[in-house]
Amino acid sequence: MHIVIMGCGRVGSALAQTLEGQGHTVAVVDRDPTSFRRLGSSFNGRRVTGIGFDQDTLREAGIEDAGAFAAVSSGDNSNIIAARVAREMFGVENVAARIYDPRRAEVYQRLGIPTVATVRWTADQMLRRLLPSGAEPLWRDPTGGVQLAEVHTSQAWVGHRISRLQDQTGVRVAFLTRLGEALLPSSQTVLQEGDLVHVMMRTDEIDRVEAAFAKGPEEEGGQ
């Protein structure tokens with residue numbers, strides 16, 4: 001599909017290159033034409049100089065044919081205004097805005113504008129690396145009964161199969177992050193040092209699951 005990105009900083013340019021590499025058509029909007037240098041010579045999408053929430057600028061970027069819009073400039077106000085214009089004026093279904101102020105992000109989220117709170121996300125990720133314990137919820141179903149979470153895994157689980165981890169903890173491993181890449185494991189996949197384990201589990205069992213992951217495997221006849 002066609003995707004419009006407002007902001008050609010490090011995030012915007014990386015996003016544009018990734019999306020184009022996946023076969024989408026991309027237009028990038030930025031008020032500073034020199035910022036387009038970040039896109040590199042191999043980028044084939046549109047480079048549109050202008051204000052990202054200006055309707056004529058957005059039309060030039062192909063917003064009327066866009067299936068998605070990302071506002072990732074350095075300004076919270078500009079991002080949220082642009083996201084609302086894309087959603088409300090042009091009817092773009094998939095819209096997201098980067099917001100630095102986490103308090104604003106919560107407000108805009110309630111207004112129906114999906115946001116990425118940069119400061120909070122970065123702080124959370126740093127805490128996960130500095131204090132790797134417990135479970136970090138990533139998604140909950142509408143009832144709140146089931147959640148997807150990254151659970152800190154004891155080194156004692158390294159070398160054991162996913163099947164043993166699931167049998168002894170009662171979770172379902174959704175995916176692993178290994179060396180920065182997502183991996184869909186089978187029951188025979190063996191856990192390696194540094195793996196981040198993402199599981200589906202019942203919300204009311206989080207304490208039990210955390211304890212089982214921290215304790216390590218129970219003794220049994222084999223792996």
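A residue counts as buried when its relative accessible area is under 20% and as exposed when that area is over 50%. The exercises below apply this to a predicted model.

**Exercise 1. Describe the extent of helix 1 and determine which of its residues are buried and which face they line.**

Step 1. Begin with the extent: helix 1 covers residues 10-21, twelve residues in total, and the distance from its first C-alpha to its last is 17 Å, which is close to the 16 Å expected at 1.5 Å a residue.

Step 2. Apply the burial cut-off along the helix, and the buried residues of helix 1 prove to be G12, S13, A16, L19 and E20.

Step 3. Look down the axis of helix 1: the buried residues fall within an arc of 135°, and therefore they line one face of the helix. On the other side of helix 1, R10 and G21 are exposed.

Step 4. Ask next what covers the buried residues of helix 1. The cover includes strand 1, residues 2-6, as well as strand 2, residues 25-30.

Step 5. Finish with the backbone that follows: just after helix 1, G23 adopts a positive phi of about 100°.

**Exercise 2. Decide whether H2 is buried or exposed, and work out which residues surround it.**

Step 1. Locate the residue, which lies in strand 1.

Step 2. Compare its relative accessible area with the cut-off: H2 has a value of 10%, and buried means under 20%, so H2 is buried.

Step 3. List the neighbours, leaving aside residues up to four places away in sequence: H2 touches T25, V26, A27, R46, A61, G62, D65, A66, G67 and A68. One of these, G62, is 60 residues away from H2 along the chain, yet the C-alpha atoms of the two are separated by 7.8 Å.

Step 4. Examine the polar atoms of the side chain of H2, which makes a polar contact of 2.8 Å with the side chain of T25. A polar atom of the H2 side chain also lies 2.8 Å from the backbone oxygen of A61.

**Exercise 3. Characterise the chain as a whole by its secondary structure, burial, contacts and exposed surface.**

Step 1. Count the elements of secondary structure, which come to seven helices and eleven strands.

Step 2. Turn to burial: of the 223 residues in the chain, 42% are buried.

Step 3. Consider the contacts between residues at least 6 apart in sequence, of which 52% join residues at least 24 apart.

Step 4. Take the surface last: the chain exposes about 12,400 Å², and carbon and sulfur atoms supply 52% of that area.

Methods: Residues numbered from 1 in each chain as written. Predicted model: local features only at pLDDT ≥ 70, side-chain atom pairs only at ≥ 80, totals over all residues. Heavy atoms only, no water. Helix = DSSP H or I, 4+ residues; strand = E, 2+ residues; numbered from the N terminus. Expected span 1.5 Å × (residues − 1). Buried < 20%, exposed > 50% of the residue type's maximum accessible area, 1.4 Å probe, protein only. Arc of directions from axis to C-beta. Contact = heavy atoms within 4.5 Å. Areas by Shrake-Rupley, 256 points an atom, 1.4 Å probe, with all protein chains shown as cover. Polar contact = N/O pair within 3.5 Å; in protein donor to acceptor, adjacent residues only side chain to side chain.
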